[in-house]
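Let's take a walk through this one together. Keep the viewer open and follow along as we go from single residues to helix pairs and back.

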Amino acid sequence: MTFSTRRIFAILQKDYKDLSRNLFVSTTLIMPLLMAVLFGRMGIEGIASHYLIINLGFILVGAYVQSSLIAEEKEKNTLRGLMLSPASTLEIFCGKSLLSFIATAVVVAGSIWLSGYNPRNLAVIAIALVLSAVFYVGLGTLIGLFTKSVMEASVVIVPVMFIFSSGSFLTPFIDKYPVLAVVEYMPNLQLLELANRVEAGAGLGDVLLHLLVILAWVLVIHAVAAYVYKKRMVDE
Amino acid sequence: MEAELYRNGSGDEVSVLSIKQLESYTEHSVVFPAFTMEVSRHEAVALHTGMNARAVLLGILTGKLPVAEGEITINGHIYTGRIRQAVPEIAFMLLEEGEYTRLTVKENLRFYSKLYGSSRPVDEVIRMVRLDAKAGVRLSALSHSERKRVQYARLIIQGSQLLVCEEPDQNVDNETKLVFRRLVQQLCGSGKAVLILTGNMETALSTTNRVYRLDEKGLQAFDIQGEEDQTEGLAEAEPNLLDIAEEEAVNEAEQTLRLFRFEKIPTRINDKIILFNPPEVDYVESSDGQTQLSIGGELYPTTFKINELEERLHSYGFFRCHRSYLVNLQKVREVITFTRNSYSLVLDDAAKTSVPLSKTKMAELKEMMGLK
């Protein structure tokens, strides 16, 4: 079975049309942009507030759209049809992830522009944001595999949103409870730390460690998603 | 695909699907005992099965269930239960097929066309399934029958050697039935093999001449319409034996009938014997040696053979429209010509039941009605 970009683009195009008519999902795309406009007009201070919006974009678009794309295929019984087609598993997930990735890139770029965030070193921040986007799309795939319908996915996304956007609230407690130091390795906090350093004038070499941690998250989440797919889909 | 799976690399064999000694058991009961069958190119085969056997057989073919006992060969490759290996060769149309309801008919088919790499123009396929007027309509706004036709279109686009259809025309309108029957003929004409799994005898008989029944007793050739071009000696031997037995039974029945004339037909349900007036009966159906009267949509088993009933009911305007059907002509509303060789009689009841009419009987019926 050969890897075919034609099939990936067929799936991408189909999902794009399907998504653009799905009001339930597509309205969530506007949320981060609205927040960005609001925060931008209010005149926000500090990197943390910018990253609150960016993280919201990652979760609502990257993770949520991806999970609902997969959950809907399961709900409507069309994933079986795709699996019985010549498209390989890799092609099916590539097509879907590509759409979520593009949507995430557009929305996050839009919200950065609207909120008036202007990083000192755009190249480094761009690399970090792309890696994070890939991570959140992988997270969405995992949620989509665990849930059976779009409704279920939208319920599961709430605690996920809490964990991955409110991590920064936990940092003050780290001195008190050393166990919480693990939290610092969360991808969102790594991204924030990286952005802070970039603002302080750090180059690519200085933030390499942070990028590697995010890359590790990317690899882990996709490996777990692949494992869960093998485990769940074969039995069903 | 591993090379050892190929029995021979040519792929130009006549037999597309071959099942050898396949059997299935669930816990204490037999789903179907070992059976052997073959579907060749240019050929449509209908399997008349119950829900259980159908689910198991489809489970095996779609890779959900393992091939426990026996062997399945598809296009010369031994099928091991890993569906991905057989994907380009089988196209499935299951009863519960998922569909993208937010996309229009055309968008759906364009997607399938790209997914399967088909070179056939989508518009041509849409015309074939008679959806040209609905090409720009979303699937969620289509009727059940029209959605089914989108599935037929997908089968055409897939262009696989073997097509497996589960209940292809359940609850669909007559136009869709017609589209399906034409489609099967066309696909067979272009060298494909079609396997139809259905619980509806009318569907089976009106789509193809090769009908089998698969149940816990095994695989039986159901009916060979007595057409000249059928040359399957083995399959025909059994019905012939049955005919002789039936004729003897008729002779015996005649002797008893001479004594007095009893016109009602007794049927037996549980311990009760119910008598029906011949004009009440819509049609008589015989399957598996069991004759059943259909009255107002209900089936009542009777102990008479269909040949005996044909003789007894002839004077009431009953007509033997098919080897296994005897229809009350007073109740027939319409004669539908699906293709040159396949016809159905639609009855004048609430459910618009249709009864198959075989080709040879069509001529006889025309003569009776004074049509030429």
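**From a loop in chain A to the strands of chain B**

With a relative accessibility of 34%, Asn77(A) counts as partly exposed, because that value falls between the 20% limit for buried and the 50% limit for exposed. Bear in mind as you look at Asn77(A) that this is a predicted model. You'll find Asn77(A) in the loop between H4 and helix H5 (78-83) of chain A. Its backbone deserves a glance too: phi of Asn77(A) is near 70°, a positive value in a residue other than glycine.

Now go back along the chain into H4(A) itself, which covers residues 47-75. Which helix does H4(A) pack with at an angle of about 140°? The partner is H10(A), residues 187-199, and the two axes are 10 Å apart. That angle makes H4(A) oblique to H10(A), because it stays short of the 145 degrees beyond which a pair would count as roughly antiparallel. The crossing of H4(A) and H10(A) is right-handed. On the H4(A) side, the residues that make the contact are Ile47(A), Ala48(A), Tyr51(A), Asn55(A) and Phe58(A). Across from them, H10(A) brings Asn188(A), Leu191(A), Leu192(A), Ala195(A), Asn196(A) and Glu199(A). Sorted by class, the contact of H4(A) with H10(A) has seven nonpolar residues, three polar and one charged. As for the spacing of such contacts, an α-helix has 3.6 residues a turn, so residues three or four places apart point the same way.

One more stop in chain A: Ser154(A), in helix H8 (residues 150-165). Is Ser154(A) buried or exposed? Its relative accessibility is 17%, so Ser154(A) counts as buried, the cut-off being 20%. A polar atom of the Ser154(A) side chain lies 3.0 Å from the backbone oxygen of Met151(A). Leaving out residues up to four places away in sequence, Ser154(A) touches Phe24(A) and Tyr64(A).

Over to chain B. Here there are ten helices and 20 strands, and buried residues make up 53% of the chain's 372 residues. Take the contacts in chain B between residues at least 6 apart in sequence: 60% of them join residues at least 24 apart.

Start with strand E1 (residues 15-26) of chain B, where you'll find Gln21(B). Gln21(B) has a positive phi of about 50° although it is not a glycine. At 48% relative accessibility, Gln21(B) counts as partly exposed, because the limit for exposed is 50%.

Next comes strand E3 (residues 43-49) of chain B, which holds Thr49(B). Thr49(B) is buried, at 5% relative accessibility. What does Thr49(B) contact, leaving aside its neighbours within four places in sequence? Its partners are Arg54(B), Thr198(B), Gly199(B) and Leu214(B). Val16(B), by contrast, sits 33 residues from Thr49(B) in sequence and 21 Å away in space, C-alpha to C-alpha.

Arg54(B) leads us into helix H1(B), as one of its buried residues. H1(B) runs over residues 51-61 and is mostly covered, with eight of its eleven residues buried. Besides Arg54(B), the buried set includes Ala53(B), Val56(B), Leu57(B) and Leu58(B). Just after H1(B), Gly63(B) takes a positive phi of about 85°.

Chain B has a helix pair to look at as well: H3(B), residues 105-115, and H5(B), residues 144-158. Their axes come within 10 Å and cross at roughly 25°. With the limit at 35 degrees, H3(B) and H5(B) are therefore roughly parallel to each other. H3(B) passes H5(B) in a right-handed crossing. Val105(B), Leu109(B), Tyr112(B) and Ser113(B) from H3(B) meet Val150(B), Ala153(B), Arg154(B) and Ile157(B) from H5(B). By class, that contact has six nonpolar residues, one polar and one charged.

Finish at Ser294(B), in strand E14 (residues 290-295) of chain B. Ser294(B) is buried, with a relative accessible area of 3%. Not counting residues up to four places away in sequence, Ser294(B) touches Val281(B), Asp282(B), Tyr283(B) and Leu299(B). Leu131(B) is 163 residues from Ser294(B) along the chain, and 35 Å separates their C-alpha atoms.

Terms used: Residues numbered from 1 in each chain as written. Chains lettered and ligands numbered in written order. Predicted model: local features only at pLDDT ≥ 70, side-chain atom pairs only at ≥ 80, totals over all residues. Heavy atoms only, no water. Axes fitted to C-alpha atoms, helices over the stretch in contact; angles between N-to-C directions. Helix = DSSP H or I, 4+ residues; strand = E, 2+ residues; numbered from the N terminus. Parallel < 35°, antiparallel > 145°, perpendicular 65-115°, else oblique. Left-handed = near helix turned anticlockwise from the far one by under 90°. Contact = heavy atoms within 4.5 Å. Nonpolar A, V, L, I, M, F, W, Y, C, P; charged D, E, K, R; others polar. Buried < 20%, exposed > 50% of the residue type's maximum accessible area, 1.4 Å probe, protein only. Polar contact = N/O pair within 3.5 Å; in protein donor to acceptor, adjacent residues only side chain to side chain.
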